[in-house]
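Open the model in your viewer and keep the selection box handy. We will go from stop to stop, picking something new each time.

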Amino acid sequence: MYQYTAFDQRLVDERVAQFRDQTERHLAGKLSGDDFKVLRLQNGLYIQKHAPMLRVAIPYGLVNTKQVRMFAHIARKYDRDYAHFSTRQNIQFNWPELSRVPDILADLATVQMHAIQTSGNCIRNTTTDQFAGVAPDEVVNPLVWAEIIRQWSTIHPEFAYLPRKFKIAISGSAKDRAATLVHDIGLVALKNDAGQIGFRVIVGGGLGRTPIVGTAIREFLPWQHLITYLEAVLRVYNRLGRRDNKYKARIKILVKESTPAQFTEWVEAEFEATKNGASLLSQHEIDVVSARFTQPVYQSLPSDDAATVTFTAANSEFARWQRRNVHAHRVSGYAAVTLSLKRIGVPPGDITADELDRVAALADKFNQGELRVTHEQNLVFSDIEVSALPELWRELKSLGMATPNIGLIGNIIACPGGDFCDLANAVSIPVAAAIHERFESLDYQFDIGELDLNISGCINACGHHHVGHIGILGVDKHEEEWYQITIGGTQGNNAKIGKIIGPSFARAAVPDVVENLIQTYLSLRERDDERFVDVVARTGIEPFKERVYAEAN
Amino acid sequence: MPKLINRYGLVDTVAGTDGWIEYTGDANAIPVGAKVLLPLTEFREFSGTWQKHVGVNGALGVKLSPADDPALIANDLEKLALIAIEFPAYTDGRGYSTATLLRERYRFIGELRAVGDVQRDQIFLMARAGFTTFALRDDQSIAKSLAAFNDFSSYYQHAADRYVNRSAMPLAA
């Protein structure tokens, strides 16, 4: 976990003072709604259907228990006793009052938290792998680099008013768990033959209205140039990105319309001029930032714990949880654990103030006082002793966060949708709930096997529906809620955009449609470990389409 | 009333232009020996003629629109006492890159002025991007605008203001 210095603290405090002044001027009628709009967005504040929504940054998803308890405090004092974890590793409060937002930000600043650049047309919170630093397949720990990008991008004078929002993701593992192919910039940290660290730079990916898988424009960028290269990309985008149409303003459109080859040429020309500029990184800077990260303390432990092995053999429920929610760790005798926030009757990613406190207590007891937020809207304890798994499991069970559904159909990703969001065409949460209930049986979920089901309430795709094995998109048809279904989308190293199976469906029909897709898959699969998405890749969408529309008629 | 400030205070309390006259197509409106602000195309085509017109007592400036490429004047910077960069709306951030390029890459050391939708809440960033004077939108408070230079006492990243020579800036009028 990165430890703030007095310098970081002062900057956040000054930001609170700045926003307090802006809010007061706005409330006094001295700053118009239009002029205030971008200022509040760059402080995470949306004006939504029922009330403002405040999005608080969780830099690269890492948070300590003091901060989690502060979330609980804010949910109780300023909101309705709950909060929501988003698909970008942030946390959102749905009911704050505008006039009290500066007070919320001041409370957050006491635990080194803020809402800087969590919205607006600027560089957003940089996201990463939820298993950063602990994954066995990790080549380079991305956390230090994510922090360096955080610092560089925070209140950057040149890039605060970009054509559109700008999202950077960074991964450092063989397996991409950070969705680097569908971000404005995706960075993959790697090592060359000489063992030196560098980055593959992927540009112009994204979901939304025009889903595109990004293009690698650099296979190995030496780490010293990380920031100078980002400057070059951002400058080309800031100057040449479209500003005439917000739907064509993301960098992916610039890359596509100019062609990746032309775009790369512009960037390389710009980089030629910036690469040895003031932002060139030195080993000293990396060392200073690295030294501010606390490191987990590991005991020397055997890889297996006899009592845990015995417990697993005797308890199939625990065994299932281990299979789905417990993940391998690079250190012997340790594991990472996902706390499932996908619970029947609770919107994906929602958590109450009391639950936040209980999770914090568990993290203090079992996980050295830290936890992580995943882009699938779950939480992760990254450093659990294998011998503690049975006890942790019992605790999580009593919290309702031990459902073994990670990677299964129960682990639905959904945006807040039309219940909260102004942009949405349709609701997401009730659709997620209906599907969740239909597939409540864990036996059935395990039989179906790995399946990502993602729901977005509109084309902005906050629910990442394009990369769901099954994607569900809310569309507006004559002011009624309809849902378009895609299949075959994939996240990770071979990210693919799902294909639309045909005309959209009324809300009530969606669980049946999903059921028919699943039944089609089960009848087509050749082996138990052939996943839904593998079958779609093998057979194409036709058999699925036929069955779904035959049943629908 | 237009107001022109730098970080030390008001530069021009009267016309808000500090004596600069903007050329908008009528050459007769520009007196001999004036300080004239030209659009990029006019400057590129007729800089010699204009230099003669303003003479040694006057001065030339260029006003850049957001889409204008500052590389086009990179070789003429010593002829220019002022470069004004237009912000048609405060949300159009191209001018920040233009300013950065002029300071950092082309090492322009003269006055860089933000004009258009220039508000108190963008001044801190504009100053960091290398702007030195600010033609405030009419409704902006001078006191609030001057306070904006101190919104933050420190920052994380390098920016183009490191190439600005503050000792060469005029103190308040």
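This tour of a predicted model goes through domains, cavities, a pocket, some cysteines and two buried residues.

**Stop 1: the domains of chain A**

Start by colouring chain A by domain. Its parts are domain 1 (6-109), domain 2 (127-291), domain 3 (306-399) and domain 4 (413-552). Now show just domain 3 and domain 4 of chain A, whose C-alpha centres lie 27 Å apart. Their contact takes eleven residues from domain 3 and 13 residues from domain 4.

**Stop 2: the cavities**

Rolling a probe the size of a water molecule over the atoms shows where empty space is left. How many cavities of 30 Å³ or more does the structure hold? There are seven of them.

The largest cavity has a volume of about 200 Å³. To find it, select A:Arg15, A:Gln18, A:Gln42, A:Tyr161 and B:Leu125, the closest to its centre among the 21 residues that line it. Next, highlight helix 1 (6-27) and helix 2 (33-41) of chain A, plus helix 3 (120-128) of chain B; these are the elements that give two or more residues to the lining. Domain 1 and domain 2 of chain A each provide at least three lining residues as well. By type, the lining of the largest cavity has eleven nonpolar, seven polar and three charged residues.

Move on to the second largest cavity, with a volume of about 130 Å³. Select A:Glu231, A:Arg235, B:Glu104, B:His158 and B:Ala159: of the 18 lining residues, these are the closest to the centre. Helix 6 (226-240) of chain A and helix 2 (94-105) of chain B each supply at least two residues here. The lining of the second largest cavity divides into six nonpolar, six polar and six charged residues.

**Stop 3: a pocket**

Go to the second largest pocket, which has about 1,100 Å³ of space. Select A:Lys175, A:Glu450, A:Asp452, A:Gln491 and A:Arg531, the closest to its centre out of 43 lining residues. Which helix gives the most to this lining? Colour helix 17 (532-539) of chain A, which contributes four residues. Helix 11 (316-325) and strand 11 (326-328) of chain A each add at least two. In the lining of this pocket, 14 residues are nonpolar, 16 polar and 13 charged.

**Stop 4: the cysteines**

A disulfide is a covalent bond between the sulfur atoms of two cysteines. How many disulfides does a search of the whole structure find? The search finds zero over all chains. Select A:Cys122 and A:Cys462 to see one case: the sulfur of A:Cys122 has its closest cysteine sulfur in A:Cys462, 15 Å away, so the two are too far apart for a bond. A:Cys421 is in no disulfide either, with the nearest cysteine sulfur, in A:Cys458, 6.0 Å away. Both A:Cys122, at 1% relative accessible area, and A:Cys421, at 18%, are buried.

**Stop 5: two buried residues**

Zoom in on A:Ile148, in helix 5 (residues 143-153) of chain A. A:Ile148 is buried, with a relative accessible area of 7%. Leaving aside neighbours within four places in sequence, A:Ile148 is in contact with A:Ile227, A:Leu281, A:Ile286 and A:Val289. Try the distance tool on A:Ile148 and A:Ile286: they are 138 residues apart along the chain, with 8.0 Å between their C-alpha atoms.

Finish in chain B at B:Asp161, in the segment after helix 4 (142-147). Is B:Asp161 buried or exposed? B:Asp161 is buried, with a relative accessible area of 16%. Beyond residues up to four places away in sequence, B:Asp161 touches B:Ala127, B:Arg128, B:Gly130 and B:Tyr155.

Key:
Residues are numbered from 1 along each chain as its sequence is written. Chains are lettered from A and ligands numbered from 1 in the order in which they are written. This is a predicted model: local features need pLDDT of at least 70, side-chain atom pairs count only at pLDDT 80 or more; totals for chains, interfaces and linings use all residues. Side-chain values use heavy atoms; hydrogens and water are left out. On a 1 Å grid over the protein atoms alone, a cavity is a set of points where a 1.4 Å probe fits but cannot get out, and a pocket is an open set with protein on both sides within 12 Å along at least five of seven lines; lining residues have an atom within 4 Å of a point. Grid points are joined across faces, edges and corners, and a volume is the space filled by probe spheres set on the points. Ala, Val, Leu, Ile, Met, Phe, Trp, Tyr, Cys and Pro count as nonpolar, Asp, Glu, Lys and Arg as charged, and the others, Gly among them, as polar. A disulfide is a pair of cysteine sulfur atoms within 2.5 Å. Buried means under 20% relative accessible area, exposed over 50%, partly exposed in between (1.4 Å probe, protein chains only). Contact means heavy atoms within 4.5 Å. Domain bounds come from an automatic or database domain assignment.
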